[in-house]
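Trainee: Please take me through one part of this model in detail. I would like to look closely at the aromatic pairs and what surrounds them.

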Amino acid sequence: MKKNLFMKKLSILSVVLIATILATVIGNTGLTAKASNKTTNSSVAKNEHSKKKVRYKIQMSTNYYIPSITKKGILHYSVDGWKTAIDQDMVQSDSYNYGSGVFTTYYTYETIITVNEGDVVDYCFKFITLKDTEGWINNENNNYQVKVLSSNVPCSYTVEYDKPYHEASAIDYVDLCYTLDEWNTTKYSRMDFHSVVVNGTPVRNYFSTTVHGYETDSLEYCFRILKCTGEQVWDNNNGYNYRVSPIYQPK
């Protein structure tokens with residue numbers, strides 16, 4: 001009788017233990033799935049945020065006739081295959097060409113758009129005339145298209161080389177040695193000397209020069225220094241050079 005009672009208690013304990021284990025497993029599985037979903041969503045958000053923005057200039061040249069009857073030039077474009085379209089005002093500028101013994105005036109409409117690197121931009125041009133009617137230039141109904149891989153917007157970047165006054169006075173000149181294409185080509189630029197004087201006392205001495213490229217260019221550089229003694233030395237950041245990427249730094 002006692003044996004049967006003991007076996008009965010053991011069976012009940014086993015059922016309770018198995019139920020507890022199942023509940024724990026099911027609970028943990030649910031938590032794991034929830035955490036996994038959270039990680040995936042976070043990863044997607046990170047990828048969306050990491051898309052590189054590129055500024056791209058679009059221009060359209062025309063003859064005198066269109067500006068003479070136009071109140072506004074507009075870029076009409078899309079980055080999703082015309083599912084949605086964006087209108088952006090363009091700025092008009094003048095340019096001149098000397099041909100056949102006479103100057104000819106051409107007009108350029110231009111604007112800068114911001115898209116993701118790799119976006120395909122479809123576009124055409126819309127004009128609002130002086131009579132408030134619309135005119136279009138759309139490549140004979142085929143529109144225009146460009147894949148934006150990098151910026152085509154010109155950009156200037158000023159590099160400075162600081163030295164204490166007593167060191168600067170011992171320097172004959174400084175050259176900036178730089179590349180915009182990962183050292184496929186190397187360029188040199190002589191740097192100008194500047195001295196900031198306050199109440200007759202030099203407080204800052206430095207050399208500077210300006211590099212011209214495009215906004216998405218990566219600038220890598222070092223300094224070649226010729227001392228007044230004729231000795232030539234290099235400042236290359238202990239063999240790592242200096243780097244600015246890209247040279248366009250949004251404010």
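Mentor: Start with the count: the structure, a predicted model, holds nine aromatic pairs. One of them is formed by Tyr-109 and Phe-127. Their rings meet edge-to-face, 5.3 Å centre to centre, with 70° between the planes. Tyr-109 sits in strand S5, residues 102-116, and Phe-127 in strand S6, residues 120-129, so this pair ties together parts that are 18 residues apart in sequence. Both Tyr-109 and Phe-127 are buried.

Now take Tyr-221 and Phe-223. Their ring centres are 5.6 Å apart and the planes stand at 80°, so this pair is edge-to-face. Tyr-221 has 10% relative accessibility and counts as buried, because the cut-off is under 20%. Phe-223 is buried too, with a relative accessible area of 3%. Ring pairs extend the picture: they link Tyr-161, Tyr-221, Phe-223 and Tyr-242 into a cluster.

Look next at what Phe-223 touches. Leave aside its neighbours within four places in sequence. Phe-223 is then in contact with Val-159, Glu-160, Tyr-161, Val-174, Asp-175, Leu-176, Met-191, Val-233, Trp-234, Asp-235 and Tyr-242.

Several of these names return in the largest nonpolar core, which has 17 residues. Those with the most contacts inside this core are Val-159, Val-174, Leu-176, Met-191, Leu-219, Tyr-221 and Phe-223. Four strands give two or more residues each to this core: S9 (154-163), S10 (171-179), S13 (201-214) and S14 (219-227). Apart from this core lies another, of 16 residues. Ile-58, Leu-75, Tyr-109 and Val-121 are among its members. As a general rule, nonpolar side chains in soluble globular proteins tend to be buried together.

Step back to the whole chain for a moment. The chain has three helices and 16 strands. Of its 251 residues, 29% are buried. Take the contacts between residues at least 6 apart in sequence: 63% of them join residues at least 24 apart.

Return to S5 and S6, the strands of the Tyr-109 and Phe-127 pair. Glu-117 is found in the loop between S5 and S6. Glu-117 is partly exposed, with a relative accessible area of 42%. Its C-alpha atom is 5.9 Å from that of Val-148, although the two residues are 31 apart along the chain. Beyond neighbours within four places in sequence, Glu-117 is in contact with Lys-52, Val-54, Val-148 and Leu-149.

Lys-52 and Val-54 also help line the largest pocket. This pocket has a volume of about 170 Å³. Its lining divides into four nonpolar, four polar and four charged residues. Strand S1, residues 53-62, gives the most to the lining, with three residues. Pro-246 is another lining residue. A cis peptide bond joins Ser-245 and Pro-246, with omega about -10°. Pro-246 lies in the segment after strand S16, residues 242-244.

Finish with the backbone on the other side of S16. Asn-241 is found in the loop between strand S15 (232-235) and S16. Asn-241 has a positive phi of about 60° although it is not a glycine. At 17% relative accessibility, Asn-241 counts as buried. Asn-199 also has a positive phi, about 55°. Asn-199, however, counts as exposed, at 79% relative accessibility. For background, most residues other than glycine have a negative phi, and most peptide bonds are trans.

Technical notes: Residues numbered from 1 in each chain as written. Heavy atoms only, no water. 1 Å grid on protein atoms, 1.4 Å probe; cavity = no way out; pocket = protein on both sides within 12 Å on 5 of 7 lines; lining within 4 Å. Points joined across faces, edges and corners; volume = space filled by probe spheres on them. Nonpolar A, V, L, I, M, F, W, Y, C, P; charged D, E, K, R; others polar. Core = buried A, V, L, I, M, F, W, Y, C linked by side-chain atoms within 4.5 Å. Buried < 20%, exposed > 50% of the residue type's maximum accessible area, 1.4 Å probe, protein only. Contact = heavy atoms within 4.5 Å. Phe/Tyr/Trp six-rings, centres within 6.5 Å; stacked < 30°, edge-to-face > 60°.
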